[in-house]
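Visitor: Hey, have you got a minute to walk through a model with me? I'd like to start with a single residue and then zoom out.

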Amino acid sequence: MAKYLDEAGLRRLADWLKERLAKKQDTMSGTAGQYVGFDEDGHPVPRDGMASTAYVDSLLGDVGAILDQINGEEI
């Protein structure tokens with residue numbers, strides 16, 4: 001155990017940690033009611049308001065109707 005706690009071992013550990021932490025994503029912050037979107041470059045951007053079903057509906061159609069079909073209910 002002592003061979004890992006010498007100065008060289010601690011340097012290797014510090015270098016290993018620095019390398020991995022350099023790749024870590026920055027933390028995000030915001031306020032209640034915001035959600036995260038992404039800009040053209042792929043960077044996270046806070047968006048105001050709640051994500052709505054309108055976005056999903058525009059891609060898939062009426063989500064409620066789709067779920068009713070999945071559950072075997074009449075539309």
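Visitor: Okay, where does Ala32 lie?

Guide: Ala32 sits in the loop between H1 and E1. Keep in mind that this is a predicted model.

Visitor: Is Ala32 buried or exposed?

Guide: Exposed, with a relative accessible area of 84%.

Visitor: And how many Å apart are Ala32 and Asp48 in space?

Guide: C-alpha to C-alpha, Ala32 and Asp48 are 9.1 Å apart, and in sequence they are 16 residues apart.

Visitor: Let's zoom out. What elements does the protein have?

Guide: There are 3 helices and 2 strands. Starting at the N terminus, the order is α-β-β-α-α.

Visitor: In what sense do the strands pair?

Guide: Strand E1 (residues 35-38) and strand E2 (residues 44-47) pair in the antiparallel sense, over 4 bridges. Tyr35 has Arg47 in E2 as its bridge partner, and Val36 is partnered by Pro46, also in E2.

Visitor: What about the turn, how many residues are between the strands of that hairpin?

Guide: The hairpin of E1 and E2 has 5 residues between the strands, and Gly42 takes a positive phi there, near 85°.

Visitor: Switching to confidence. What pLDDT does the protein average?

Guide: The average is 76, and 79% of the residues score at least 70.

Visitor: Which element has the lowest mean pLDDT, and which the highest?

Guide: Helix H2 (residues 53-60) has the lowest, with a mean of 69, while H1 has the highest, at 88. Where pLDDT is low, the predicted coordinates should not be read in detail.

Visitor: Fair enough, H1 then. Which residues does it cover?

Guide: Helix H1 spans residues 7-22, and Leu17 is one of the residues in it.

Visitor: Why can Leu17 count toward a surface patch?

Guide: Leu17 is partly exposed, with a relative accessible area of 38%. Patch residues need over 30% and no salt bridge, so Leu17 clears the area cut-off.

Visitor: Which residues form that nonpolar patch?

Guide: Leu17 is joined by Leu5, Leu10, Leu13, Trp16 and Leu21. Together they have about 600 Å² of accessible area on the surface.

Visitor: Now charges. How many salt bridges does the structure hold?

Guide: It holds 2. In one of them, the side chains of Arg11 and Glu7 meet, at 2.2 Å from N to O. The other pairs Arg20 with Glu19, with 3.8 Å between the closest N and O atoms.

Visitor: Why can Arg11 and Glu7 reach each other?

Guide: They are 4 residues apart in helix H1, which means about one helical turn separates them. Side chains of opposite charge can pair when their charged atoms come close.

Visitor: How covered are those four side chains, buried or exposed?

Guide: Glu7 is exposed, with a relative accessible area of 56%. Its partner Arg11 is partly exposed at 49%. In the other pair, Arg20 is partly exposed at 40% relative accessibility, and Glu19 is partly exposed at 42%.

Visitor: What share of the protein is buried overall?

Guide: Buried residues make up 4% of the 75 residues. The protein exposes about 6,900 Å², and carbon and sulfur atoms supply 58% of that.

Visitor: Last one: what share of the contacts join residues at least 24 apart?

Guide: 0%, counting contacts between residues at least 6 apart in sequence.

Key:
Residues numbered from 1 in each chain as written. Predicted model: local features only at pLDDT ≥ 70, side-chain atom pairs only at ≥ 80, totals over all residues. Heavy atoms only, no water. Patch = residues over 30% accessible without salt bridge, like charges linked within 9 Å, V, L, I, M, F, W, Y side chains within 5 Å. Areas by Shrake-Rupley, 256 points an atom, 1.4 Å probe, with all protein chains shown as cover. Salt bridge = Lys/Arg side-chain N within 4 Å of Asp/Glu carboxyl O. Buried < 20%, exposed > 50% of the residue type's maximum accessible area, 1.4 Å probe, protein only. Pairing = 2+ DSSP bridges. pLDDT = per-residue confidence, 0-100. Contact = heavy atoms within 4.5 Å.
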